[in-house]
Every structure is written in structure tokens, then in C-alpha cells.
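Got your viewer open? Here's a walk through one structure, stop by stop, with something to select at each.

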Amino acid sequence: MPSIGKVFFSITVPLWGILVPISVGIWMVSLPYVLVKKVTSLIKGEKIASEIKVEIHGDGTKGDILLLHGWPDCGSLWDKQVPDLVEKGYRCIVATLPGFDGKPVGWGYNFDQLTEMANDVVEANSPSKKVIIYAHDFGCTIGYMLQRKYPEKVQRMIALDVGGYSKPDAAGILFVMSYQFYNLFAWSIGGPAGRFLNTSFLTMGKYRARPLSHCVSSLNYLYPKFLWALATKNMPPFKPFKDIPVFYGYALKKDVSFHAESFLEGIRASKGGKVCSFNCGHWISVSKPDELNKEVGLWLEQTADL
């Protein structure tokens with residue numbers, strides 16, 4: 001029996017037949033305005049964020065950890081993990097994706113570009129040794145792509161609540177389609193209306209990882225980029241890695257799982273692989289920080305020599 005959330009969002013799916021064409025229309029009508037605004041910004045010398053913002057915490061010798069957030073978060077997502085990791089002897093490289101720090105980002109960046117930016121962060125901050133990736137949500141996608149393209153730079157990976165691939169049922173597919181197109185629509189509208197759609201959606205989901213006032217619709221640029229990558233088959237499934245240990249944590253209180261059972265089985269069967277479930281919603285690092293820190297800390301110790 002599908003949950004109330006799935007039923008609600010499944011009912012809204014037919015609306016996207018109306019909303020998506022409206023979104024396209026808005027893009028076309030707003031294009032001259034966007035171009036004029038861009039030219040004006042260039043004339044005024046306004047800078048557009050084009051790099052990942054980085055904060056370094058600690059100087060431990062146990063390893064460098066690159067922390068990657070997802071939507072609609074920023075580096076503060078890890079505020080309850082970083083002190084614990086630093087105390088355990090790790091050096092934390094906390095990333096904030098372009099546009100997620102409140103600075104203008106234009107049309108945003110695709111996942112190939114974000115992966116290259118993440119690689120630049122690794123090269124600049126950990127040039128002589130491999131990093132441990134610690135990621136959540138779309139940050140996992142960037143982490144998977146970084147490990148696939150630059151395996152020589154990744155030692156281990158901790159991924160939270162977004163697996164390399166998923167196999168939702170029909171209701172789950174409708175749920176994912178509905179909220180992703182909803183966020184796409186909010187992004188296409190922008191301004192106060194887009195922000196209202198964002199905050200309404202996040203309020204309904206009991207989001208509390210950062211102030212809602214910071215969750216503007218421009219952050220939703222990840223959704224059109226993600227959907228386009230899927231449509232053009234530029235984002236193949238990421239199977240569990242056999243050459244590095246992986247910790248995967250997932251939330252139990254959700255309407256749909258962002259991983260397939262076979263993905264979990266692959267991690268459990270791999271050397272150093274570990275799967276943990278948490279009795280909370282999608283933002284595990286905020287809802288269950290102590291439990292997460294304990295499980296991750298134990299796993300880091302157990303896989304230190306792998």
C-alpha cells in the first residue's frame with residue numbers, strides 16, 4: 001500500500017503536462033531579460049560564482065575528508081560531523097557548491113563541470129594523498145563521478161541516502177517525477193514565486209538543515225542538469241566499487257528509496273563495505289548526528305588499513 005506522500009505526489013503528476021510547457025514558455029520569454037542582465041553584470045564588473053567554496057578544518061594526519069553536500073544545503077550541513085572528525089584526527093575539506101553560498105550562479109553548472117570543480121578542490125587541498133569522500137544527496141552523485149573519473153584520488157567513500165542507482169516501483173517513479181519537475185518549475189519561475197514554491201515544499205518535508213530563507217529557487221539548477229544528464233544517458237548507473245571501501249547510510253522515513261537493493265548487496269559483499277540504516281528522514285547528518293558519527297567513526301577505524 002503506497003504512503004500518503006506517494007499518493008499525493010502521484011496525483012499531481014498529470015499537472016506537469018501543463019506546468020512543463022509553461023516553464024519552457026517562461027524560459028523563452030525571460031531569455032532577453034536574462035541576456036540583458038548578464039551583459040549589464042559584465043559591464044558593471046559583477047562576478048559570477050564559478051568555483052566551489054572551501055573551508056578547511058583541522059590538521060589531523062589520519063586522512064583528508066572531502067565533504068560534499070546536496071540540494072538545497074551548503075557546507076553547514078556537516079556542522080555536527082566536522083568537530084567529531086577533527087577530534088578523531090582527520091582533516092576536513094568542507095565544500096559548498098557554486099550558488100549555494102548565496103552568490104549569483106547564472107544558469108548553473110552540469111554534473112561534469114561540478115565533478116571537475118571537485119577534482120580541482122582535491123588537487124589544490126590534498127595534492128599528495130588520496131581523499132575520503134563524505135557525501136549526501138546530489139553530493140553523492142558528484143562523489144561517484146569523481147571516483148569513476150579519478151580513481152587514483154579517492155581512498156574511501158561515505159555516501160548518505162543516494163545510491164549509485166535505484167529501482168523504484170511505479171508509485172515511487174511518479175513520486176520522484178513529481179517533486180523533481182516541481183523543483184524544475186520553481187527554478188524556471190525564479191524570484192519570489194520560485195522561493196515560495198521551494199519553501200512550501202521544504203516546509204512540507206520538515207526540512208531544517210539550513211534556514212528556509214536561504215533556500216532560493218536558483219539552487220534548483222541541479223534538477224534540470226540532472227534530468228538532462230539522464231535523458232541524454234550521460235549519467236550511467238554507478239555500481240558499488242570493488243576497489244575501495246564504501247560506507248552507505250540510508251534513511252528509513254522516506255516515501256521512496258534512492259537506491260536499489262542490489263546496490264546495497266554489492267556494498268555488503270565488497271571489501272570493507274558497510275550499510276547502515278537510520279530511523280529518520282533524508283537529512284541523516286542533521287537528524288541523527290550522534291548515531292551517524294559513531295557508525296562512521298567505527299567504519300573509518302576498521303577500514304584504515306584497507
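What follows is a tour of salt bridges, helices, cysteines and cavities.

Before you click anything, keep in mind that this is a predicted model.

**Stop 1: a buried salt bridge**

Select Arg 91 and Asp 64. They form a salt bridge, with the closest N and O atoms 3.1 Å apart. Arg 91 sits in strand S3 (residues 91–96) and Asp 64 in strand S2 (residues 64–68), so the pair joins distant parts of the chain, 27 residues apart. Both Arg 91 and Asp 64 are buried. Now add Lys 129 to the selection: Asp 64, Arg 91 and Lys 129 are linked in a network of salt bridges. The whole model has eight salt bridges, and two more are coming up.

**Stop 2: helix H4 and its partners**

Next, pick Lys 149 and Glu 116. Their side chains meet in a salt bridge, 2.5 Å from N to O. Lys 149 belongs to helix H5 and Glu 116 to helix H4, so this pair ties together parts that are 33 residues apart in sequence. Glu 116 is partly exposed, at 24% relative accessible area.

Step over to Thr 115, which is also in helix H4 (residues 111–125). Is Thr 115 buried or exposed? Buried, with a relative accessible area of 2%. Show what surrounds Thr 115: apart from neighbours within four places in sequence, its contacts are Ile 142, Met 145 and Leu 146.

**Stop 3: helix H8**

Colour helix H8, residues 222–231. Its buried residues include Leu 222, Tyr 223, Phe 226 and Leu 227. What do the buried residues of H8 pack against? Look for H4, helix H5 (138–149) and H6. After H8 comes Lys 233, with a positive phi near 55°.

**Stop 4: along helix H6**

Follow that packing to helix H6, residues 170–189. Try a distance between its end C-alpha atoms: they are 29 Å apart, which agrees with the 28 Å that 20 residues should span at 1.5 Å a residue. H6 is followed by Gly 190, another spot to check the backbone, as its phi is positive, near 70°.

**Stop 5: a loop-to-loop link**

Select Lys 254 and Asp 161. This salt bridge has its closest N and O atoms 3.1 Å apart. Lys 254 is in the loop between strand S6 (246–251) and helix H9 (261–269), while Asp 161 is in the loop between strand S5 (154–160) and H6; the two residues are 93 residues apart. Asp 161 is buried, with 0% relative accessible area.

**Stop 6: the cysteines**

How many disulfides turn up in a search of the whole structure? Zero. Take Cys 74: the closest cysteine sulfur, in Cys 215, is 8.6 Å from its own, too far for a bond. A pair would have to come within 2.5 Å to count. Cys 74 is buried at 13% relative accessible area, and Cys 92 is buried too, at 0%.

**Stop 7: the largest cavity**

Finish with the empty space. There are two cavities of 30 Å³ or more, and the largest has a volume of about 40 Å³. To see its lining, select Gln 81, Asp 84, Leu 85, Tyr 134, Asn 293, Val 296 and Gly 297. Helix H3 (82–87) and helix H11 (289–302) are the elements that give two or more residues to that lining. Which element supplies the largest share of the lining? H11 does, with three residues.

Terms used. Residues are numbered from 1 along each chain as its sequence is written. This is a predicted model: local features need pLDDT of at least 70, side-chain atom pairs count only at pLDDT 80 or more; totals for chains, interfaces and linings use all residues. Side-chain values use heavy atoms; hydrogens and water are left out. Buried means under 20% relative accessible area, exposed over 50%, partly exposed in between (1.4 Å probe, protein chains only). Helices (H or I, at least four residues) and strands (E, at least two) are DSSP runs, numbered from the N terminus. Contact means heavy atoms within 4.5 Å. The expected span of a helix is 1.5 Å times one less than its number of residues. A salt bridge is a side-chain nitrogen of Lys or Arg within 4 Å of a carboxyl oxygen of Asp or Glu. On a 1 Å grid over the protein atoms alone, a cavity is a set of points where a 1.4 Å probe fits but cannot get out, and a pocket is an open set with protein on both sides within 12 Å along at least five of seven lines; lining residues have an atom within 4 Å of a point. Grid points are joined across faces, edges and corners, and a volume is the space filled by probe spheres set on the points.
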